[in-house]
Each structure stands twice: as structure tokens, then as C-alpha cells.
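Open the model in your viewer and set it to a cartoon view. Each stop below says what to select and what is there.

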Amino acid sequence: MKLLLATTSEGKIREQRKSLENVGLELDIITLSELSELEPPEEPGPTFRDNAAAKALYYHRASGLATLGEDSGLVVDFLDGEPGVHSARWLGHDTTYDVKNARVVELLSEAPEAERTARYVSAVALVEHQSVVFVSEATCEGRIAHEPSGEGGFGYDPIFYYPPFGATMGELTAEQKNGVSHRGKAMASLVDFLVSRQSRQPGIDTAT
Ligand code: IMP
């Protein structure tokens, strides 16, 4: 089965590929860089699920391929849920994550320790034959660190402290992060769906 990963984020692609490898699926993974360039789709919101489905439908219609859309973000309780679904464009799409991360830390400088809670959310949607055939959403609970730390992962990972490992996501290995992350968990549900479908319907046609 050909599967288009409908994201331009190298970080997301790396993590999604990891979730899809060595799980017994016969997949030919395609990325947007292999297609002709398209304007990014509208993200209607307000939920991660809505946006994941909108991305998958948009790129499916353009490519005719089975398409995986993902929408994710960092929800900070002390900031009333921001940046949330706006995580990528928060402070401007081209603003570096060094700047965004420093700003989140600054905005929480007066926050009581108990109010530094945050979570990552990931929604994934699979579209085939013009329809959303699978959606899953998962979260990963953590806290906003007092300062950025670690070079791993991407985006907000250096300030997302994950208590069970006593480290920021930026300090974890790719395997550690994928084992507990919002994306790793949402992708694991998708893999379960695909594996069970493959065992029931070997050779299913997932083209347009
Ligand atoms: P999207 O491409 O609109 O889904 O934007 C997702 C944004 O959320 C990313 O650009 C990051 O800013 C943030 N984000 C989502 N998942 C992660 C993660 O695993 N680590 C760090 N930042 C993340």
C-alpha cells in the first residue's frame, strides 16, 4: 500500500516513519517532497482532529493516494491552552523555536510550580477513497521546564519536561520519545488499525 505522509515537518516525518517501520505492514511511504509543490491547506479548526482530517483530505484529493494527515501542538494550561492548534504559527511561522521556547518560559516566569502543567496533543487522520477512514488522538502530559535543555526532537521539545523520565523531550532518544509521545501513541493506534485490516483483507486496494 502506498501511503502519503501529508506534512512538511521533517521532525514529524522522522517520527511517523519510525512508528510505521518493523510492524509487519507492506507500505511504500511517500512524502510531499516527492509531489509537485502545493499551497498548504486551510486549517479550519477548532480541534486537532478537524485539522488533521482537513490536511489528509486536501492532499488525498491532490495526489489520489491514501493519505495520513496529522495536526498536533503544545497546550499550556497557564496560557489558557495556547499555543494549542496555533503551535506552528504562534509568534509567526518563521520565528525560530529558540525564540518561541524562550517566550513560553518567560510567560511562565511567575507561574506557581503546580501551574506549569502542559500536554502535547496529536490527532492523525487517514483518508482513502475521498473519505476519512480512521482518526485517533493522543496526549502526552508534561510540564514547562524553567529553561530549554536538549538537542533532540524538534519544536517545543527542549522546554517540554516529561516527569517519568526526569528529562525534557529534547533530552530523550528518538526511541524513548516515540514510546511515550502523543504522536507515538496516535500512530500506534493507526498501526493497529492497518495491521488488523491487512490481516482481514490482504491486498486491499487503497488507491483513489
Ligand atoms: P502542525 O504542523 O500545524 O500540526 O503544527 C504542529 C506544531 O506543534 C509543530 O510545528 C510544533 O510547533 C508543535 N509540536 C507538535 N508536536 C511536537 C513535538 O513532538 N515536539 C515539539 N513540538 C511539537
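Start with the hairpin: select β4 and β5, two strands that run antiparallel and are joined by 12 bridges. This is a predicted model, so read every value here as a computed one. To see one of the pairings, pick Thr-117, whose bridge partner in β5 is Arg-143. Now go to the turn of this hairpin, where two residues lie between the strands. One residue to select there is His-129, which takes a positive phi near 50°.

**The whole sheet**

Show the other strands as well. In what order do the seven strands of the open sheet lie? The order is β2-β1-β3-β4-β5-β6-β7, and the pairing is mixed. β2 (28-31) and β7 (167-168) each have a single partner strand, so these two stand at the edges and one side of each has no neighbour in the sheet.

Next, compare two pairings. Select β1 (residues 2-5) and β3 (residues 66-76): they pair in the parallel sense, over three bridges. Leu-5 has Leu-68 of β3 as its bridge partner. Then select β5 and β6, which pair in the antiparallel sense over two bridges. Here Ile-144 has Phe-160 of β6 as its bridge partner.

**An edge strand: Ile-29**

Select Ile-29, which sits in strand β2. Leaving out residues up to four places away in sequence, Ile-29 touches Leu-3, Leu-5, Arg-17, Leu-20 and Glu-34. Glu-70, the next stop, is 41 residues from Ile-29 in sequence and 15 Å from it in space, C-alpha to C-alpha.

**A buried charge: Glu-70**

Glu-70 belongs to strand β3. Is Glu-70 buried or exposed? Its relative accessibility is 2%, so Glu-70 counts as buried; the cut-off for buried is under 20%. Show the side chains around Glu-70. Its side chain makes a polar contact of 2.9 Å with the side chain of Lys-12, and another of 2.7 Å with the side chain of Ser-122. Beyond its neighbours within four places in sequence, the residues in contact with Glu-70 include Gln-16, Ala-52, Lys-55 and Arg-183.

**A second buried charge: Arg-119**

Move to Arg-119 in strand β4. At 19% relative accessibility Arg-119 counts as buried, because the limit is 20%. The side chain of Arg-119 makes a polar contact of 2.9 Å with the side chain of Glu-141. Among the other residues that Arg-119 touches are Gly-73, Leu-74, Asp-77 and Phe-160.

**The nonpolar cores**

In soluble globular proteins, nonpolar side chains tend to be buried together. Which members of the largest nonpolar core touch the most other members? They are Leu-74 and Met-169, in a core of 20 residues. At least two residues of this core come from each of β3, α3 (97-107), β4, β5 and β6 (160-162). Apart from this core lies another, of 17 residues, including Leu-20, Phe-134, Ala-138 and Met-187.

Select Met-169 and show what surrounds it. Not counting residues up to four places away in sequence, Met-169 touches Tyr-120, Cys-140, Asp-157, Phe-160, Tyr-162, Lys-177, Val-180 and Ser-181.

**Helix α5**

Select residues 182-200. This is helix α5, which lies across β3, β4 (117-128) and β5 (131-144) and runs at about 150° to β5. Use the distance tool on its two end C-alpha atoms, which are 28 Å apart. At 1.5 Å a residue, the 19 residues of α5 should span 27 Å, so the two values agree.

Now colour the buried residues of α5: His-182, Arg-183, Gly-184, Ala-186, Met-187, Leu-190, Val-191, Leu-194 and Arg-197. An α-helix has 3.6 residues a turn, so residues three or four places apart point the same way. The buried residues of α5 pack against α1 (10-20), β3, β4, β5 and α4 (174-180).

**Last stop: Glu-106**

Finish in helix α3, where Glu-106 is found. At 49% relative accessibility Glu-106 counts as partly exposed, because exposed means over 50%. Select His-146 together with Glu-106: they are 40 residues apart in sequence, and their C-alpha atoms are 8.8 Å apart in space.

Key:
Residues are numbered from 1 along each chain as its sequence is written. This is a predicted model: local features need pLDDT of at least 70, side-chain atom pairs count only at pLDDT 80 or more; totals for chains, interfaces and linings use all residues. Side-chain values use heavy atoms; hydrogens and water are left out. Two strands pair if DSSP finds at least two bridges between them. Helices (H or I, at least four residues) and strands (E, at least two) are DSSP runs, numbered from the N terminus. Contact means heavy atoms within 4.5 Å. Axes are lines fitted to C-alpha atoms, for helices over the stretch in contact, and angles run from 0 to 180 degrees between N-to-C directions. A nonpolar core is a set of buried Ala, Val, Leu, Ile, Met, Phe, Trp, Tyr and Cys residues joined through side-chain atoms within 4.5 Å. Buried means under 20% relative accessible area, exposed over 50%, partly exposed in between (1.4 Å probe, protein chains only). The expected span of a helix is 1.5 Å times one less than its number of residues. A polar contact is a pair of N or O atoms within 3.5 Å; within protein, one must be able to donate a hydrogen and the other to accept it, and residues adjacent in sequence count only if both atoms are side-chain atoms.
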